[in-house]
Amino acid sequence: MRTTTGARWGRSAGTRTLLGLAGVGAITVGTLLGTNAGAQGAADAGRGPGGPLQRHADAVRESGATGLVARARAADGRDTAVRAGVADLAEDGAVPWDAYYRIGSDTKTFVAVVVLQLVAEGTLDLDDTVGRWLPGVVAGNGNDGDRITVRNLLQHTSGLANYTDILFGDPAQLTPENYRAQRFTARTPEEKVALAMTRAPGWLPDADDPASETRWAYSNTNYVLAGMIIERATGHTWEREVHERVIEPLGLRRTMTMGTSAYVPHPTATAYLQFPGTRELTDTTLSVDGGADGGIISTTDDMNTFLRALMDGRLLPPEQLAQMRTTVPESQEPGEDARYGLGIAWRPAEGCPDGVWHHGGTSFGTVSETAVTEDGEVSAAAAVFTTRFGDEERFMRQQEATIALVDRAVCGTRR
């Protein structure tokens, strides 16, 4: 999931502004690090200090992260990794190269793949309405599931309120004490959608008004509903469908859904959050976050495998991959070029003439950022183990530095 200080558990305008930022280029992933990248995949990944990419990792650390690890995969399959900071402030050890972490809203890309596979099989249609599959669920306060399509959900053009704004939008409620009191609380998809239904929609899509179909606002509610539709259409949970359609076929042995568990497997690093109105960091490693909008745990190695498989066509037929990459603007503000497709976004990036595809996710104490070229040849994934909701300026600097890191890792090989 995405969030900003006291605002939303979703992308903010400020975060979207960063989507246009890019890292500078270089020659190869190996030379970026100043190391010899291994040729045997993750087990022999090139690792070590020095070089421009390490300086980008250090910049993320200096912006306020306690620790991070990033991994790039070049066109020839070589892996290269950098890390900075510590795994835990008390123990002072390095972040594990193969650390597990919550990928947050990167989960949405996995869920979108499942929905598009079901579209390819004829089980779903992108123009199906929510009301067809979940009658009566999206209703009240002006909400109308018969006006919202599956496409609207995947593309965040539904107008639906973001349920996490309601849960976490009040800074007075976003405190260490409330976090500790609720960190083991699991909410059902129905409960999350019901929260969103207490608010009027920002707009209702209208097939006779094309502008309404491209109006965009990030809402985690959309993907909660997408997960519910997957279950209604297949008779299986979204977790099972993601496992059988994506995780298992790709051999992602360190990618998993955690359901109502609040724990992250080891090895990992401690997640820290600076709450609004505080200076200190709170250990927020434990947290139930098991929904279709943000409930997957993975590693940088597995994320690179997933991204490349998605873009090179191993997961979706050409028609559905083209639908996924059909985008709408994330902002109407001048100079903002970022665009959002179906569970994946695009931004310009220096050194990549065709830009990069990405998503990203921010949760209680962990940031996931990714980037991949359109042909799937080069990718990068980063896990950052601090979020600072209590310092908006520092939070944005960290986001900017992280995006620069992954863009440098990807686009440096395209020069």
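Just after helix α12 comes Gly-251, a residue whose phi is positive, near 70°. The model in which we see this is a predicted one, and the helix that ends here is a good place to start reading it.

Helix α12 covers residues 238–250, and because each of its 13 residues should add 1.5 Å, a span of 18 Å is expected, which agrees with the 17 Å that separates its end C-alpha atoms. Along the way, however, α12 has a kink of about 35°, and this kink is centred on Glu-244. Several residues of the helix are buried, among them Trp-238, Val-242, Val-246 and Leu-250, and the charged-looking names Glu-241 and Arg-245 belong to the buried set too. The partners against which these buried residues pack include the helices α4 (107–120), α11 (220–234) and α13 (300–311), together with the strands β7 (256–257) and β10 (296–298).

Further along the chain, we come to a group of strands. Strand β12 (residues 339–340) runs antiparallel to β13 and is joined to it by two bridges, with Tyr-340 standing opposite Ala-345 of β13. Four residues lie between the strands of this hairpin, and one of them, Gly-343, takes a positive phi near 80°.

On its way through residues 345–349, β13 shows a covered face made of Ala-345, Arg-347 and Ala-349, while Trp-346 and Pro-348 form the uncovered one. In a regular strand, side chains alternate between the two faces of the sheet.

Strand β13 is also joined, by four bridges, to the antiparallel strand β14 (residues 352–358), where Val-356 is the bridge partner of Arg-347. The hairpin of β13 and β14 has two residues between the strands, and here Gly-351 takes a positive phi near 95°.

Conventions:
Residues are numbered from 1 along each chain as its sequence is written. Side-chain values use heavy atoms; hydrogens and water are left out. The expected span of a helix is 1.5 Å times one less than its number of residues. The bend at a residue is the angle between axes fitted to the seven residues ending there and the seven starting there. Buried means under 20% relative accessible area, exposed over 50%, partly exposed in between (1.4 Å probe, protein chains only). Contact means heavy atoms within 4.5 Å. Two strands pair if DSSP finds at least two bridges between them.
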